[in-house]
Amino acid sequence: MLSTAAGKATNLSETQVDAHRKGNIVSRKIWLPKLLYDALPYFYLVSGFAAFFATLYINEWFWVLPHYVLFSAACTHLGVVVYRRRNRKRRVETDQAS
């Protein structure tokens, strides 16, 4: 609920409620099947390496070459980060058990 300068409470209109709900779409959690969830870091790594090796087969220095290199670096970095964050808990548990 919003309030006015007079202190009276006002209700949100339907369009404001929809805009408020859509604003949180980036921060919503997404449910993925376990197989896709486990395969996600490997997908990022494979797509990053595939994009990098695709740059080797470009015959001339087109404008697309830097984009391929940036995409490959971003995917590889994202894959490593996701993999390390998911396995952080396992590493801590094995270190404590030792």
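Residues 24 or more positions apart account for 50% of the contacts in the chain that have a separation of 6 or more. The model is a predicted one. Its chain has 98 residues, of which 11% count as buried. Three helices and two strands are present, and along the sequence they follow the pattern β-β-α-α-α. This report deals with helices α2 and α3, the packing between them and the largest pocket.

**The two helices**

Helix α2 covers residues 34-55, and helix α3 covers residues 64-97. The table sets out their lengths and bends.

| Helix | Residues in helix | Expected span | Distance between end C-alpha atoms | Bend |
|---|---|---|---|---|
| α2 | 22 residues | 32 Å | 32 Å | about 45° at leucine 40 |
| α3 | 34 residues | 50 Å | 49 Å | about 40° at asparagine 87 |

For α2, a rise of 1.5 Å a residue gives an expected span of 32 Å, and the end C-alpha atoms are 32 Å apart, so the two values agree. For α3, the expected span is 50 Å and the end C-alpha atoms are 49 Å apart, which also agrees. Each helix nevertheless has a bend: α2 turns by about 45° at leucine 40, and α3 by about 40° at asparagine 87. In α2 a proline, proline 41, follows the bend residue within four residues.

**Packing between α2 and α3**

The buried residues of α2 are Pro41, Ser47, Gly48, Ala51 and Thr55, and they pack against α3. On the other helix, Leu65, Ser72, Cys75, Gly79, Val82 and Asn87 are buried. Their cover includes α2. Pro41, the proline that follows the bend in α2, is thus among the buried residues of that helix, and Asn87, where α3 bends, is buried as well.

Two residues show the packing in detail, one from each helix. Serine 72 lies in α3. Its relative accessibility is 4%, under the 20% cut-off, and serine 72 therefore counts as buried. Leaving aside neighbours within four places in sequence, serine 72 is in contact with Gly48, Ala51 and Phe52. Of these contacts, Gly48 and Ala51 are listed among the buried residues of α2.

Threonine 55 belongs to α2. At 12% relative accessibility, threonine 55 is also under the 20% cut-off and so counts as buried. Apart from residues up to four places away in sequence, threonine 55 touches Leu65, Tyr68 and Val69. One of these, Leu65, is a buried residue of α3.

**The largest pocket**

The largest pocket holds about 160 Å³ of space. Its lining consists of Lys34, Tyr37, Asp38, Pro41, Tyr42, Tyr83, Arg86, Asn87 and Arg90. Helices α2 and α3 each supply at least two of these residues, and the largest share, five residues, comes from α2. By class, the lining residues divide into four nonpolar, one polar and four charged.

The lining includes Pro41 and Asn87. Pro41 is a buried residue of α2, while Asn87 is a buried residue of α3 and marks the bend in that helix.

Tyrosine 37, another lining residue, lies in helix α2. Its relative accessible area is 41%, between the limits of 20% and 50%, and tyrosine 37 is therefore partly exposed. When neighbours within four places in sequence are left aside, tyrosine 37 is in contact with Leu32 and Arg86. Arg86 also lines the pocket.

Definitions and conventions. Residues numbered from 1 in each chain as written. Predicted model: local features only at pLDDT ≥ 70, side-chain atom pairs only at ≥ 80, totals over all residues. Heavy atoms only, no water. Buried < 20%, exposed > 50% of the residue type's maximum accessible area, 1.4 Å probe, protein only. Contact = heavy atoms within 4.5 Å. Expected span 1.5 Å × (residues − 1). Bend = angle between axes of the 7 residues up to and from the residue. 1 Å grid on protein atoms, 1.4 Å probe; cavity = no way out; pocket = protein on both sides within 12 Å on 5 of 7 lines; lining within 4 Å. Points joined across faces, edges and corners; volume = space filled by probe spheres on them. Nonpolar A, V, L, I, M, F, W, Y, C, P; charged D, E, K, R; others polar.
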